[in-house]
Amino acid sequence: MTALPMIINALGQLDNPNAPQSAEAAAQLNPSSEQMTIDARTLADAHASGLTAVNITLGYTMGDLPPYEHTLHEIDVWDGIIRDNAADLLKVRTVADIHRARAEGRIGVIYGFQNAVAVGEDTGRIGTFADRGVRVVQLTYNQANHIGDGSMAPANRGLTDFGRSVVEALDEHRLMVDLSHSGERTCLDAAKTARRPVSINHTGCRAVADLPRNKTDEELRLVASRGGFVGIYFMPFLNVSGHATAADVVEHIVHAVDVCGEDHVGIGTDGTVTSIDDLDAYREHLAEHVALRREAGVGAAGERDDTLPFVLDLRGVDQFRELIRLLEQRGYSSGRIEKILGTNFLDYADRVWAPEVAAQ
């Protein structure tokens, strides 16, 4: 494969983690979008990697901030970032915007949540978020909320009654229902409740690495069977040792394709394109960050003081090229690789975001 295919990261970050502001924020429990660094290196690296579009996390995920107000503020922040970098970034509302970003040499930015707590008790807020350009809503983070249980909630409840109303409202406004981080029953319930296809934008496969953040074959199969999407992350949970490698990423992709079919699997790295330059300094602060997450009850099984939240040999501007090379080594055709790197997400987005055409 000579020219890079369309690359869509179903969950990632735009940030230069080496910038002082970002390095300081990384040690905090819940850094805000204002603390990220979208500088010349961030943008140059994103372009050099071949990235076409990325679903970034904004809004309330955890902590003591007022969820709704903080989320609206974060949308304002990202609107400003895109406005200030209009030559390089494009806010994505439609599939056509992703095609436009690729044609114009820009990076499409998809607004997404990693927790739906900001909905509060008012599903009408989902319309507000949709109007502001949010396109992906993850129902829960690791812990339980009033919508359902996260992957670390011991009760493993399914969707609550209110959670069903949230899924229905997301369907109505044609937003992606993202079941990453959800507990197993919540995932299965949501996939069965939703009228439109749902996604698991960043996960691994439980059958390959038995950790709670990974999804069972039952979850993967159900999501795919309803026209959904599964993105494999570049995270430590791909190996029970906590030290995942590029080979682990490939094994999880291969398993997901075997379970879901080649039309329903992609990537959601959960990381930046720009690499951390000083890993020794980063490791010094990692234990503190992991401890903060544990104390706040938002950590996941498999997070330890020595587990890097990325795959060491699959990072930086060449991460997608390296993944392509490894998939080619596994005998994957260029057509299948193109699906995994981007077009499967694009097709899924079209099934969810596109307005329904009335029958003539």
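**Figure 1. Asn 156, a partly exposed loop residue.** In this predicted model, Asn 156 has a relative accessibility of 24%, so it counts as partly exposed; that label covers the range between buried (under 20% relative accessible area) and exposed (over 50%), with a 1.4 Å probe and protein chains only. You'll find Asn 156 in the loop between β5 and α6 (161–172). Helix and strand names like these come from DSSP runs, numbered from the N terminus: H or I over at least four residues for a helix, E over at least two for a strand. Have a look at the backbone too: phi of Asn 156 is near 50 degrees, a positive value in a residue that isn't glycine. Most residues other than glycine have a negative phi. A quick reading note: residues are numbered from 1 along each chain as its sequence is written, and side-chain values use heavy atoms, leaving out hydrogens and water. Since this is a predicted model, local features need pLDDT of at least 70 and side-chain atom pairs count only at pLDDT 80 or more, while totals for chains, interfaces and linings use all residues.

**Figure 2. Ser 180 and His 181, two neighbours in a buried loop spot.** Both Ser 180 and His 181 sit in the loop between β6 (176–178) and α7 (184–193). Ser 180 has a relative accessible area of 0%, which means it is buried. His 181, at 5% relative accessibility, counts as buried as well. Like Asn 156, His 181 has a positive phi, near 75 degrees here. The side chain of Ser 180 has a polar contact of 2.8 Å with the side chain of Asp 178, and it reaches the backbone nitrogen of Asn 201 at 2.9 Å. (A polar contact is a pair of N or O atoms within 3.5 Å; within protein, one must be able to donate a hydrogen and the other to accept it, and residues adjacent in sequence count only if both atoms are side-chain atoms.) Who else is around? Skipping neighbours within four places in sequence, Ser 180 is in contact (heavy atoms within 4.5 Å) with Gln 138, Thr 140, Ser 199, Ile 200, Asn 201, His 202 and Arg 213.

**Figure 3. Strand β4, wrapped up on both faces.** All 7 of the 7 residues of β4 (107–113) are buried, so this strand is largely enclosed by the rest of the structure. One side shows Ile 107, Val 109, Tyr 111 and Phe 113, the other Gly 108, Ile 110 and Gly 112, and they're all buried. Strands pair if DSSP finds at least two bridges between them. β4 runs parallel to β2, with 5 bridges joining the two; among them, Val 54 partners Val 109 and Asn 55 partners Ile 110. β4 also pairs in the parallel sense with β5 over 3 bridges, where Gly 112 stands opposite Val 136. With β3, the pairing is parallel too, over 3 bridges, and Lys 91 stands opposite Val 109. To get from β3 to β4, the chain passes through helix α4 (residues 95–104), making a right-handed β-α-β crossover. Right-handed here means that, with the strands pointing away from the viewer, the path from the first strand over the helix to the second runs clockwise.

**Figure 4. Strand β2 and its residue Thr 52.** β2 is mostly covered, with 6 of its 7 residues buried. It pairs in the parallel sense with strand β1 (residues 7–12) over 4 bridges, and Ile 7 has Leu 51 as its bridge partner there. Thr 52 has a relative accessible area of 3%, so it is buried. Not counting residues up to four places away in sequence, Thr 52 touches Met 6, Ile 7, Ile 98, Ala 101, Arg 102, Arg 106, Ile 107 and Gly 108.

**Figure 5. Helix α3 and the elements it packs against.** Helix α3 (residues 67–84) has 18 residues and reaches 26 Å from its first C-alpha to its last. That's close to the expected 26 Å, where the expected span is 1.5 Å times one less than the number of residues. Its buried residues include Tyr 68, His 70, Trp 78 and Ile 82. What do the buried residues of α3 pack against? They meet β2 (51–57), β3 (89–91), β4, α5 (124–131) and β5 (134–138).
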